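Reader: Could you take me through one part of this model in close detail? I'd like to hear about the pocket and whatever sits in it.

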Amino acid sequence: MIIIKSQREVDLIRKSSRIIAECFDLVKPYIKPGVKTKELDDVVLDHIQSRGGISAFKNYNGYPGNICVSIDKEVVHGIPGERTLEEGQIVSIDIGVILNNYYGDAARTFAVGAITDDKKKLLRVTEEALLKGIDEARVGNRLSDISNAIQTHVERENFSVVRDLVGHGVGRKLHEDPQIPNYGEPNRGPRLKPGMVFAIEPMVNMGSFQVVVADDSWTIYTKDGMPSAHFEHTIAITAGDPEILSVIG
Ligand code: MF3
Ligand code: CO
């Protein structure tokens with residue numbers, strides 16, 4: 001069942017989500033060669049706590065980090081640790097915040113120093129796909145119109161969309177109904193209504209869409225070893241344009 005949030009609830013999810021946007025601005029200057037992924041976790045946790053929030057990921061199904069840090073072939077759910085970033089890598093950072101019992105969830109992929117043109121294109125196309133998906137999150141549309149817009153853009157640019165992981169409803173919990181695949185036929189699934197709040201999160205691979213789970217049982221990486229990018233926003237469906245909640249504005 002898809003929970004319809006009241007205006008008050010959307011306001012609370014906006015507060016949680018805005019903290020995540022602040023975290024990205026704060027952590028960005030740390031993303032350079034030599035930085036340990038654990039240091040990124042520390043910077044983000046400090047800020048979440050300074051705002052009175054809690055990491056939504058820590059201990060979620062036993063997850064050991066406060067954030068997820070996934071490098072190059074890693075798609076999502078990389079665990080922060082002693083590893084250092086290196087020039088030319090791309091690094092995805094995924095952050096979830098709970099404030100006043102309401103959840104926000106967002107992710108971005110950053111360049112570490114100078115990266116190849118292929119990687120630049122991967123970041124651009126993944127973020128564009130997210131925004132095209134969000135633009136379909138309107139009353140009158142159906143859920144899979146979001147999915148189809150994402151897949152269409154990604155495949156037009158000759159990249160592939162990960163099938164095994166999906167976006168989701170978010171708000172009173174980190175993961176609520178519905179599941180939101182990043183691929184599919186248009187005009188399928190539930191009709192979108194004001195007050196629905198979604199975490200839309202395309203994961204886009206430069207090579208094939210196949211992924212594997214690592215021995216740590218968390219990290220997901222590409223089967224072919226090619227790079228992968230991830231952008232995610234928490235958004236609300238309104239009577240008018242979709243509202244992106246995981247921004248500073
Ligand atoms: N944004 C991811 C998701 O929506 C992150 C959750 S992973 C975990 O599933 F670390 F919390 F487990
Ligand atoms: Co998510």
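Author: Happy to! In this predicted model, the largest pocket has a volume of about 450 Å³. Its lining is made up of 23 residues, and those closest to the pocket centre are Tyr-60, His-77, His-168, Leu-174 and His-175. Sorted by character, the lining holds ten nonpolar, seven polar and six charged residues. Two strands, β7 (167-169) and β8 (176-180), each contribute at least two residues to this lining. Of the elements involved, β8 gives the most, with three residues.

Now for the occupant: ligand 1 sits in this largest pocket. The shell around ligand 1 consists of Phe-57, Tyr-60, Tyr-63, Cys-68, His-77, Asp-94, Asp-105, His-168, His-175, Glu-201, Trp-218 and Glu-232. By class, that shell divides into five nonpolar, three polar and four charged residues.

Some of these neighbours also make polar contacts with the ligand's oxygen atoms, which may be handy for you to inspect. His-168 places a polar side-chain atom 2.8 Å from an oxygen atom of ligand 1. For His-175, a polar side-chain atom likewise lies 2.8 Å from an oxygen atom of the ligand. Glu-201 has a side-chain N or O atom 3.1 Å from an oxygen atom of ligand 1. As for how covered the ligand is, ligand 1 taken alone exposes 330 Å², and the protein buries 94% of that.

If you want a place to start looking, try His-168 and His-175: both are among the residues closest to the pocket centre, and both belong to the shell around ligand 1.

Terms used. Residues are numbered from 1 along each chain as its sequence is written. Chains are lettered from A and ligands numbered from 1 in the order in which they are written. This is a predicted model: local features need pLDDT of at least 70, side-chain atom pairs count only at pLDDT 80 or more; totals for chains, interfaces and linings use all residues. Side-chain values use heavy atoms; hydrogens and water are left out. A residue is near a molecule or strand if one of its heavy atoms lies within 4 Å of it. A polar contact is a pair of N or O atoms within 3.5 Å; within protein, one must be able to donate a hydrogen and the other to accept it, and residues adjacent in sequence count only if both atoms are side-chain atoms. Accessible areas come from the Shrake-Rupley method with a 1.4 Å probe; for residues, only the protein chains shown count as cover. On a 1 Å grid over the protein atoms alone, a cavity is a set of points where a 1.4 Å probe fits but cannot get out, and a pocket is an open set with protein on both sides within 12 Å along at least five of seven lines; lining residues have an atom within 4 Å of a point. A molecule sits in a cavity or pocket if more than half of its atoms lie within 2 Å of its grid points. Ala, Val, Leu, Ile, Met, Phe, Trp, Tyr, Cys and Pro count as nonpolar, Asp, Glu, Lys and Arg as charged, and the others, Gly among them, as polar. Grid points are joined across faces, edges and corners, and a volume is the space filled by probe spheres set on the points. Helices (H or I, at least four residues) and strands (E, at least two) are DSSP runs, numbered from the N terminus.
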